[in-house]
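Student: I am new to this structure and would like a close look at a single part. Could you take the salt bridges, and then show me what lies around them?

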Amino acid sequence: MSEPSAPEPAHHAPSRTAADAPAQPAPPSEPPRSAAAPPPLRWTPAARAGLLLQAWQLALVAVLGLPLAGLLAVWAVLHSERGTAWLLAGVPNLQVTAPRGALLGTDFAAQKLSLRWDQGRQWLEIEGLQWTGAQWRWWLRSGTWVGVQADRLEARRVTLHTGPASGKPAVLPGSLALPLEARIEQLRVEHLVIDQLPAWHHITGRWALGAQQGAVHRVEQLAFQWEELLVSGEASINTRSPFTGQGRWAVKGTGAVAWEGDLAASGPLQALDLQARLRAPALPSGLKPSLDATVQLKPFEPWPLGTLNLTLQALDLAQLSRRLPATRLTGRASIKSQGLTQPVQADILLDNAAAGAWGEARLPIRRARLELRSRLDAPSTAEILHLDLDLGSAQRNAGLWRSTGSWTETGLRLQGVATDIRPQWLDARAPGMVLSGPVQLGLLGMPGPQGVARRTADADTWSVELRGNLSGSLEAFGQRTTLTLDSVFTPQGLQVRTLQAQAGSASAELSATVSPGAEGAWQVRSEGRINDFDPVPWVPGDAAAPWRKGQDRLNSQWALEVLLPPWRTGASAVQWLQTLRGSAQVDIGASRIAGLAASGRLRLEQAPEAAAASRSQLMAELRLGRNEFSLSGRGDPAGDGEQDRWQLQVAAPALGELNALSTLMPEGAAWWPEAGRADARISASGRWPAVGTQGQLTIEGLRSRAYALGRAEARWQWTGREADPLELRGDVRNASLGPNRLAYLRGEVRGTLRQHSASIDVALPLLAPEALTRVLALPAGSGTQARLNLEGAWSGQTGGGGRWNGTVKRLEAGVWSGLTDPPAAPAAPSPNATAANPSAWNPAAPGGTWLDAADLRGELRFDDAWRLRSLRLDGGQAALAAGLRLKWDEARYELRDPTRADRPDFQWQADVLPFALAPWLQRAQTGLQWTGDLRLSARMAVRAAERFEAEVSLKRHDGELQVVEAGQVQALGLNTVDLSLTARECHRAGVCRAKWCPPPAWADASVRRNSRATWWRSG
């Protein structure tokens, strides 16, 4: 039963509006009240309490509702594909390329994901990321916010860069638990790369993070390939201290050797015990290669290696990794360390039965022995009682190195003595000598026996120092030899403080610094000199080599400071040289190379603050005998090449003296000149491929065993731009290359590259066979000559190559009269130039022209590698010898596949217009006298692609053929002549099927091309 409501307070009555009350007229006698003067409000305790409650409710909504609304908004964004892409794009240091799907959906993929941290020094990159079948859960338990289970997670490539080492030992975490629980039923990563380590390939497995209510991380059915090994197994680790873990993996060899083994790990993370075993099939000697090892790792202590016991038998390192040399190691190794308060002990003894030269991918160490002890009263210092190396191979002793030293918190230092070291037996590329003397080696900045390096201002640096003072002799000459070296290698590069060598009267001295620069460049600084240096004893090789018989003495000094840019794939040597930075000075004093006097100098200067045209300057001079060569250049390597200028000058009055250098490259000895002179002045501007050039060249009396050149002259000028004037003139006389000879060749090009004209005259001492000469009624002569006049236009492409369209205004070929000076070519030849101006074409005798054609139009196309891709020749006509005229349709040549240049597509069809047969038979000297007006016509069709096909047909056009016998003219009555030859299925091996119609008795025969047939004879 409800309680009666309390009466409404009196001060609430005025708050009721007119809309809430019934409409009743006021008593007329009552005066209206004024709305501007309401009764005053009276705040009771109950009213104040209600207002305070409403304020707290609004505050609670603001505190809890707004964040909840934000979370709901993020939730909605991550469940949509567009929202995921928008949100990922705003995450700092994260780049996601081409995301597909919602991040919190079932399926998601991205072309690439890149995450950087530690100011960009560390980064992770995942390519081809994809997961499918993901199911998400939230707030599983305290400390675990999210859980996910996916059917498949894949990545094509994962790259992890851990950045520079901090120099500090790792810190054991308080817990390995994660706020994430994840289970991946099928994980697959094709390639995993960590820093510079060998990559892992084809990684598969099942992963569970935070299994068993977050207590365990586990991987099952793990398999991957590393170098020549296939590894499979499983591992797990507890997420709470002491982080007990365990794992077992099976190992199999995938290379030539069927290795088998296993690896097991167990124990707490701060003191993990490892056991390894490897076995290989027995060798022919009966030995069974094996490795057995037990290791205790303490990864979170200053010295991570607790104990190590290793036993090897006939172990070949190359069978484990292609990066390692071939060996056959047998021996033992024992390292014991019980912590900071106990001494370190190490005993290692290894024998290598397969020792060999380093150049043969072997290890040139026959035996290695190390004995190391530290004292209880000074555990931070270890004494190296001896480190001995027996060098060489199983057949040759290349020397000994016996050393002692100390291992402290500053690093490792060894003082040793080398005895009878023979470098040529360590590596065949080393000079033949015997050296002995003291050698010092220091590995500084490495952890001491307790694993703690001295903390200095350069605490994170390390260096390798090598010093030696060796003496001995060069074996081949018995010269007294000394070698002094002082060098250091650091992460910042290599520094050779001093390198001095003395052998007899020859000496060399240099210092150098090589350090890495930005973007893969290398900074090189060096200075030094060599005096009276003979390379023969210092360069190994065949003692009977021709170059060793020459007299070589080098005197030079240099000083350089240059920045070597990285080599760009596809770049030329010229392009690489144009990006050099720095300065260099090299002077070659009075020297002899293969007995030829030599001297020269090189200057390279860089001045970034200078004008663009002079920021880089190069000057080089070389004198070989009486021949001088000089090259100079200037420009701006960082610019676009517009300011680049080059000039080359050659003054070589005695090219035959250079033949002495043929002993340095005997494989090209036939090409070195034996006589001749050359003068050249060549200048160029711009940068390839937009290069303008001009110059002149003269060569006389050039001769070698492979070629000869009586005289050659050339002059040219061009700015490199298609619309600018182009001029080229060349003249070659009495040239030969092997059995091929050239009487003269003269060419001229004028105009621009876009629109130009050209003329070429050539004469070869080659004649047609006598039978063909007689049939064509050609006069006697000294060879064959030809003339070509054309007009054309070039249209280039940006990436290289282009198209040429033009017209051959006149093409003539005939018998050469033997004149050494060709007639001057007419400026504008006409189709009737030969008849109107006999001086313009001067064959051996009237009738000596056997080809005459005019106004032939065509097109050539070249690809970006300047290979001819297609040729098109429009239809035309040509006059041949003995009254023949040839008319053809369009001819085409196309190279569809540039890698198969021997298989172009070629098509051509032509007609021989009607011609009188009797004169041909008469000149053939058949023993009969032929007459009559019989005319024949012929048609030819040729197609060449994968196979060669041809068809030739000969038919009667009109007239009658007659023969004169005993003074009587007799008609043969040839009303029909129809003869055809068809060649089908012709392969490039040279065999085809030929068929005649009508068939003679020998028809339908296999015909093989005879490559030795003499089509032309020497004049």
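Tutor:

**Salt bridges and their surroundings**

Glu 722 and Arg 754 form a salt bridge in this predicted model, with 3.5 Å between the closest N and O atoms. The two residues lie in distant parts of the chain, 32 residues apart: Glu 722 belongs to the loop between β36 and β37 (725-737), while Arg 754 belongs to the loop between β38 (740-752) and β39 (756-764). Glu 722 has a relative accessible area of 25% and Arg 754 one of 48%, and because partly exposed covers the range between 20% and 50%, both residues count as partly exposed.

This pair is one of 52 salt bridges in the count. Another joins the side chains of Arg 711 and Glu 700, with an N to O distance of 1.8 Å. Here the partners sit on strands, Arg 711 in β36 (residues 707-718) and Glu 700 in β35, and eleven residues separate them in sequence. Arg 711 is partly exposed at 28% relative accessibility, and Glu 700 is partly exposed at 29%.

Strand β35, which holds Glu 700, also takes part in a pocket. The second largest pocket contains about 800 Å³ of space, and 27 residues line it, with Pro 689, Ala 690, Val 691, Trp 718 and Gly 720 the closest to its centre. Strands β34 (675-687), β35 (690-703) and β41 (783-796) are the elements that give two or more residues to this lining. Sorted by class, the lining of the second largest pocket has eight nonpolar, twelve polar and seven charged residues.

A third salt bridge takes us to another stretch of the chain. The side chains of Arg 206 and Glu 220 meet at 3.9 Å, N to O, and the pair links strand β8 (residues 200-210), where Arg 206 lies, with strand β9 (residues 216-226), where Glu 220 lies, across 14 residues of sequence. Arg 206 is partly exposed, with a relative accessible area of 23%, and Glu 220 is partly exposed at 22%. Neither residue stands alone, because salt bridges that share partners join Arg 183, Glu 185, Arg 206, Arg 218 and Glu 220 into one network.

Strand β7, which covers residues 180-194, brings us to the largest pocket, where β7 gives the most to the lining, with seven residues. This largest pocket holds about 1,200 Å³ of space, and of its 34 lining residues the closest to the centre are Ile 126, Leu 129, Leu 153, Leu 187 and Leu 209. The lining of the largest pocket divides into 33 nonpolar residues, no polar ones and one charged residue.

A nonpolar core completes the picture. The largest one has 37 residues, and Trp 259 and Leu 315 are those with the most contacts inside it; strand β7 supplies the largest share of this core, five residues. Apart from this core lies another of 29 residues, including Ala 346, Leu 391, Leu 412 and Leu 474. Returning to Leu 315, and leaving out residues up to four places away in sequence, we find that Leu 315 touches Trp 259, Ser 290, Leu 291, Leu 320, Thr 327, Arg 328 and Leu 329.

Methods: Residues numbered from 1 in each chain as written. Predicted model: local features only at pLDDT ≥ 70, side-chain atom pairs only at ≥ 80, totals over all residues. Heavy atoms only, no water. Core = buried A, V, L, I, M, F, W, Y, C linked by side-chain atoms within 4.5 Å. Buried < 20%, exposed > 50% of the residue type's maximum accessible area, 1.4 Å probe, protein only. Helix = DSSP H or I, 4+ residues; strand = E, 2+ residues; numbered from the N terminus. Contact = heavy atoms within 4.5 Å. 1 Å grid on protein atoms, 1.4 Å probe; cavity = no way out; pocket = protein on both sides within 12 Å on 5 of 7 lines; lining within 4 Å. Points joined across faces, edges and corners; volume = space filled by probe spheres on them. Nonpolar A, V, L, I, M, F, W, Y, C, P; charged D, E, K, R; others polar. Salt bridge = Lys/Arg side-chain N within 4 Å of Asp/Glu carboxyl O.
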